[in-house]
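Here are three short exercises to work through with the model open beside you. Each comes with a worked solution.

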Amino acid sequence: MCGIAGWVDYQRDLSTQRVTAEAMTATMALRGPDDEGLWLGRNAALGYRRLAVIDVAGGAQPMIAHGQAVIVYSGETYNYRELRRQLTGHGHHFRTRSDTEVVLHAYLEWGPDCTERLNGMYAFAVWDLRSRGLLLARDRLGVKPLYYAPTPTGLLFGSEPKAILANPAFTARLDDEGLAELLTLTKTPGHAVFRGMREVKPGHSVWLTRDRCGERRYWGLTAAQHTDDLHTTIGRVRELLTDTVSRQLVADVPLCTLLSGGLDSSVLTALAQRALGPSGPVRTFTVGFTGQTGGADPGDIRVCGVPPDDPRDAADAPFVADVVKHVGAQHTDVVLDSGLLTSPEAAQAVLRARDYPGVGDADISLYLLFAEVRRHSTVAVSGEFADEVFGGYRWFHDPAEVQAATFPWMHSTLATASSDPLLDPGFLRRLDLPGYLGQRYREALAEVPHPPGESPREHRMREICYLHLTWFRQLPLDRADRMSMAAGLEVRVPFSDHRLVEYVFNAPWSFKVYDGREKSLLRGATADLLPASVVRRRKCPYPATQSPAYEHALRARLRAILGDPSAPAHSLASREAVDAALRRPVGAASLQRDRVAMERLVGLNDWFTTYRPVYEGAAL
């Protein structure tokens with residue numbers, strides 16, 4: 001796992017631009033604390049920061065092959081051993097045991113089409129010394145990030161926006177569309193908030209030459225008739241999960257699973273224990289904060305300000321204990337002080353990790369949890385993405401939200417800023433967030449593939465599933481990536497394996513709820529691996545803190561913004577609404593909506609203060 005950065009300019013000698021290239025690369029230091037590298041050519045500069053996971057001694061980058069191509073690579077290719085054998089049969093020779101060298105040789109053998117052969121989570125750049133062309137590629141589900149900004153004479157790129165922002169050739173600009181992206185939290189695929197910057201879409205690659213810069217889709221969800229019966233489908237889900245977990249346990253550094261006692265993390269822990277066999281036991285961690293009713297599962301994160309699916313009905317600890325005993329795991333419980341959530345240093349670290357406003361204590365807590373896990377392990381396996389694949393969220397099963405003419409997760413007024421109670425109504429009218437959200441929703445629906453002969457129910461649920469697998473998925477995956485990499489921890493996400501996603505996407509919705517519960521296929525495929533208590537357990541949300549100290553600190557920050565006319569968010573706030581919210585008692589049940597809005601307003605203020613984008617819109 002690593003951070004990458006780079007610069008191509010066809011009219012400038014970049015071999016003389018070491019200082020700027022080093023500055024871009026240095027922004028990726030947290031993603032790669034173990035090593036760094038820089039390659040400078042006449043028209044290209046490639047930078048790299050490494051978190052060593054596979055072939056610790058031999059996997060240094062940038063990596064060059066036969067004077068033909070140079071690569072900087074972030075992520076993991078889980079089928080690299082099979083590809084290595086195949087490439088050896090084609091006459092390729094390898095100097096290292098790393099997956100990076102396999103990807104580089106795959107490019108030399110198959111060109112840009114090499115992405116279609118990779119199974120993994122990755123973002124990489126290849127500079128072809130023969131053609132002087134640049135390939136940028138991102139994994140199918142977008143687990144690993146990759147941004148780029150075309151220039152009149154080339155292109156800038158990086159794992160995160162901060163790498164591009166470090167180059168004087170790019171100025172941070174914000175228009176109304178970027179502002180709408182921040183406030184609606186739609187995360188439109190390909191958009192990057194800053195004007196002139198793009199994010200490589202999941203399942204896409206970008207090819208740059210002197211004459212053009214074009215993006216190509218190499219993978220996407222397609223509609224296919226599902227011919228397997230329910231029993232066969234359950235069996236196939238089990239096969240796919242067993243294979244992908246086994247692939248994702250390869251590492252030359254300590255590896256663990258993040259265990260909450262919920263279905264998703266328990267399944268992965270049980271499968272990991274089986275795959276490790278005599279080389280086990282699997283190491284597991286449950287990390288929580290004082291004042292929570294249970295541990296925290298990064299696979300069940302509160303996203304985009306959405307409140308928990310249901311009130312927590314039980315602490316995690318008894319379920320964790322049942323799983324640990326059932327599978328024979330080597331377990332560690334870690335409880336952190338909730339007071340850390342008010343740390344200004346932690347809040348600034350989170351903002352710098354995201355490059356965008358976050359979601360308050362849910363971000364800070366996740367960052368602190370990952371930082372603690374990193375003290376014990378370099379790689380963690382997470383249950384993230386199971387809810388998107390198998391239909392676990394509340395709104396999959398709420399008829400009103402399923403039928404709403406918008407993104408289901410945005411139907412609740414708690415989830416969208418278009419009715420934000422603390423923002424100035426005039427500002428919201430000028431920005432027209434409902435119109436922007438409606439446009440994006442129509443674009444998303446137009447992408448959904450459908451097989452012939454679907455019933456109305458199956459037709460709509462296919463749309464709901466597609467929206468989660470393509471649009472919503474970016475919110476939790478991005479968040480997990482930024483918070484974990486800021487702590488120097490690699491988080492692997494087995495439920496994002498594209499083979500599993502493709503198969504379950506085309507299974508009928510009736511199969512996904514065959515037992516009348518959420519995630520029926522996952523439960524049915526793995527029940528024999530788990531203790532009965534976990535199989536019976538209903539979905540529980542990520543436990544946001546109940547610490548009064550955090551809420552007091554949040555209110556103090558908001559009062560400071562109201563009292564400072566020079567504060568960027570001062571003009572965005574409705575003073576009357578903020579004053580009314582601040583008069584309500586700390587911890588009041590009715591404050592949940594206000595608290596989400598407070599976090600949003602404070603987050604916007606911090607972001608504008610730190611990044612100082614040049615505003616080029618009309619809404620402010």
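Ala, Val, Leu, Ile, Met, Phe, Trp, Tyr, Cys and Pro count as nonpolar, Asp, Glu, Lys and Arg as charged, and the others, Gly among them, as polar. This is a predicted model, in which local features need pLDDT of at least 70, side-chain atom pairs count only at pLDDT 80 or more, and totals for chains, interfaces and linings use all residues. Residues are numbered from 1 along each chain as its sequence is written, and side-chain values use heavy atoms, with hydrogens and water left out.

**Exercise 1.** Describe the lining of the second largest pocket.

*Solution.* Start with the classes: 13 residues are nonpolar, six polar and four charged. Next, look to the centre: among the 23 lining residues, Ala347, Ile364, Arg557, Val602 and Asp606 are the closest to it. Then turn to the elements: α9 (344–354), α10 (361–374), α21 (548–562) and α23 (591–611) each give two or more residues. Of these, α9 gives the most, with five.

**Exercise 2.** Work out which residues of helix α17 are buried (under 20% relative accessible area, 1.4 Å probe, protein chains only).

*Solution.* The helix spans residues 498–506, and seven of its nine residues are buried. They are His498, Leu500, Val501, Tyr503, Val504, Phe505 and Asn506. Finally, find their partners: these residues pack against α6, α11, α15, α18 and α19.

**Exercise 3.** Place Ser260: is this residue buried or exposed?

*Solution.* First, locate Ser260 in the loop between β14 (255–258) and α7 (263–276). Its relative accessible area is 5%, so Ser260 is buried. Last, check its side chain: a polar atom there lies 3.1 Å from the backbone nitrogen of Gly262.

Conventions
Helices (H or I, at least four residues) and strands (E, at least two) are DSSP runs, numbered from the N terminus. Buried means under 20% relative accessible area, exposed over 50%, partly exposed in between (1.4 Å probe, protein chains only). A polar contact is a pair of N or O atoms within 3.5 Å; within protein, one must be able to donate a hydrogen and the other to accept it, and residues adjacent in sequence count only if both atoms are side-chain atoms. Contact means heavy atoms within 4.5 Å. On a 1 Å grid over the protein atoms alone, a cavity is a set of points where a 1.4 Å probe fits but cannot get out, and a pocket is an open set with protein on both sides within 12 Å along at least five of seven lines; lining residues have an atom within 4 Å of a point.
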